Amino acid sequence: MSELDLQIPSAFDPFAEASAEDSGAGSKEYVHIRIQQRNGRKSLTTVQGLKKDFSYNKILKDLKKEFCCNGTVVQDSELGQVIQLQGDQRKNVSTFLIQAGIVKKDHIKIHGF
């Protein structure tokens, strides 16, 4: 029996690594860019998850000037401040945020059809 050296398998947790990486809550916060269909051809682009130390009104002013659209900053009870822009500006907003150095490319999530 000494030749076989039996190993008794211990309890293996396949999610141990994932929970260890996610233990730092908020360590990887994403900026979510979504589109909402209004009516007909009209749509609305929302940007949420930017850091609170940024001036939302200044970012909105630059976005409106860059893309020739209207927009506003809305205060939501659950999500905090959300930037809303007219039209489908998802790709434009993501490239703008990356080029301005506000967010890194891997921290942006684009949602929508």
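Which residue takes a positive phi in the hairpin of E1 and E2? Gly40 does, at a phi near 65°, in a hairpin with 5 residues between the strands.

This is a predicted model, in which local features need pLDDT of at least 70, side-chain atom pairs count only at pLDDT 80 or more, and totals for chains, interfaces and linings use all residues. Residues are numbered from 1 along each chain as its sequence is written, and side-chain values use heavy atoms, with hydrogens and water left out.

**Strand pairing**

Strands (E, at least two residues) and helices (H or I, at least four) are DSSP runs, numbered from the N terminus. Two strands pair if DSSP finds at least two bridges between them. The table lists the pairs.

| Strands | Direction | Bridges | Opposed residues |
|---|---|---|---|
| E1 and E2 | antiparallel | 6 bridges | Ile33 and Val47 |
| E2 and E4 | antiparallel | 4 bridges | Leu44 and Gln86 |
| E3 and E4 | antiparallel | 6 bridges | Gly71 and Leu85 |
| E1 and E5 | parallel | 3 bridges | Ile33 and Ile110 |

E1 covers residues 31-37 and E5 covers residues 108-110. E2 spans residues 43-48, and E4 spans residues 80-86. E3 takes in residues 71-76. A hairpin of 3 residues links E3 to E4. Ile33 has a bridge partner in E5, Ile110. Ile33 also stands opposite Val47 in E2.

**Thr46**

Thr46 lies in strand E2. Its relative accessibility is 7%, so Thr46 counts as buried (under 20% relative accessible area with a 1.4 Å probe, protein chains only; exposed is over 50%, partly exposed in between). Contact means heavy atoms within 4.5 Å. Leaving aside neighbours within four places in sequence, Thr46 touches His32, Ile33, Arg34, Gln36, Val82, Ile83 and Gln84.

**Helix packing**

Helix H2 (residues 56-67) packs on helix H3 (residues 90-99) at about 125°, and their axes lie 11 Å apart. Axes are lines fitted to C-alpha atoms over the stretch in contact, and angles run from 0 to 180 degrees between N-to-C directions. H2 and H3 are therefore oblique to each other (under 35 degrees is roughly parallel, over 145 roughly antiparallel, 65 to 115 roughly perpendicular, the rest oblique). H2 contributes Asp62, Leu63, Glu66 and Phe67 to the contact, and H3 contributes Asn92, Val93 and Phe96. These residues divide into 4 nonpolar, 1 polar and 2 charged (nonpolar: Ala, Val, Leu, Ile, Met, Phe, Trp, Tyr, Cys and Pro; charged: Asp, Glu, Lys and Arg; polar: the others, Gly among them).
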